[in-house]
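Welcome, and thanks for taking a look at this one. Below is a short tour of a helix and a few charged contacts; please keep the viewer open as you read.

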Amino acid sequence: MAVSGVLALALLISDQYLPGLPLQPKQLPAAVVTMGDSTLSGEGGGDYAVGTNGERGNWCHRSAAAPIHQLQLPPDVTRINLACSGARAEVVGADPDPGHAEGSQSAQLAELAKRYRITDVVVQVGANDVGFTDTVNQCVEAWVRRAEEGCAGQLRSDWPRRIERMQPKVRSALEDIRAAMDSAGYTPSSYSLVVQSYASPVGPDVRPELQNLSGCPFLTSDLQWIRDTGVPQLANGLHEVAQQVGARFLDHSRAGSGREACTGDPKTGEGEWFTRLSVDWASLQDESRAAHAMQESYHANAAGHRQLGRCLSEFLATTEETASCLPDDRGNLHLATNTASALPSHP
């Protein structure tokens, strides 16, 4: 199966080259690029590239375990990861905060597009714009207070508005990516632009003995809302934006089902694809690193990134416009086509 996947990708890459583009010479080496935030940078996977683990304020946390390094690609295809943990849509686009450690990802893409024949650009962005981390913190606070309505009480009405405010920002970033490729002589049909949604890192099947500061301090009702409402609504919002810019869409809203944090072995975490509440105690002793001591919490771990990379690889080998990543009965994540883009989002 792996061999056939590589062959399919090789054919797809060769078919995507369009002769006659003056700034896209055929002899340029092929490349696949990932852009966006922590989900593609590899946050939670460990083994972070030098220069991205807090050095000079750079906390991009690009991991050797990131999904791009899990793709089944022909050996001559270069893998380039521009994704940066914590990135908002403006960083992916052309107008980031001047103080950002690396600046615009789209600007970097424009330069890369002149040196490589980029066949696929994979983007995952929007969670930081919608305030997903703040939402998780809000839910933890609700657990501490044993709030009757949990965090979901307020979020039922607030979350859809946050998604609406996020959508034009993500659309602008994707348009900047298109512009970057245009500037290097590409046409929209000469490469594949893929937008991915997010998997839920937690769910209501958490082990009771871990439903605390040992790993997952959330109320069960809030865990249900995050998995079955919040994450699917975010996926639907991103799907709409992908359609607006003519991008392909890969839905991850159900990708972590049954493999969320705190659902596996209580001691080892075996079987989980997402990190539990994680604290880097050494960083807490360093004032310059203390603010990032829990940065890895509730992100895909190395096993999760392998699974997400497998499904993305399967998607890139097709010409499907929309598909989903779903776990099979053997515990592996695979591509599913002809499915709804996301779970029905319950209020």
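The expected span of a helix is 1.5 Å times one less than its number of residues. That yardstick helps with the helix that opens this briefing, and please bear in mind throughout that the model is predicted.

**Helix α7**

- Helix α7 covers residues 152-183, 32 residues in total.
- From its first C-alpha to its last, α7 reaches 44 Å, which is close to the expected 46 Å.
- Where does α7 have a kink? The kink lies at D158, shortly before the proline P160, and amounts to about 40°.
- After α7 comes G185, a residue with a positive phi, near 95°.

**Salt bridges: a pair within one helix**

- How many salt bridges does the structure hold? There are eight, and those described here include one inside a helix and two that share a partner.
- K114 and E111 are joined through their side chains in a salt bridge, at 3.6 Å from N to O.
- Both residues belong to helix α4 (residues 105-115), and because they are three residues apart there, about one helical turn separates them.
- K114 counts as partly exposed, since its relative accessibility is 44%.
- E111 likewise counts as partly exposed, with a relative accessibility of 45%.

**Salt bridges: a network around R227**

- The side chain of R227 meets that of D205 in a salt bridge, again with 3.6 Å from N to O.
- This pair links distant parts of the chain, 22 residues apart: R227 sits in helix α8 (residues 220-244), while D205 sits in the loop between β4 (192-196) and α8.
- Is R227 buried or exposed? R227 is buried, because its relative accessible area is 18% and the cut-off for buried is under 20%.
- D205, by contrast, counts as partly exposed, at 49% relative accessibility; the cut-off for exposed is over 50%.
- R227 also forms a salt bridge with D228, and here the closest N and O atoms are 2.8 Å apart.
- D228 is buried as well, with a relative accessible area of 14%.
- Through salt bridges that share partners, D205, R227 and D228 become one network.

Notes: Residues numbered from 1 in each chain as written. Predicted model: local features only at pLDDT ≥ 70, side-chain atom pairs only at ≥ 80, totals over all residues. Heavy atoms only, no water. Helix = DSSP H or I, 4+ residues; strand = E, 2+ residues; numbered from the N terminus. Bend = angle between axes of the 7 residues up to and from the residue. Salt bridge = Lys/Arg side-chain N within 4 Å of Asp/Glu carboxyl O. Buried < 20%, exposed > 50% of the residue type's maximum accessible area, 1.4 Å probe, protein only.
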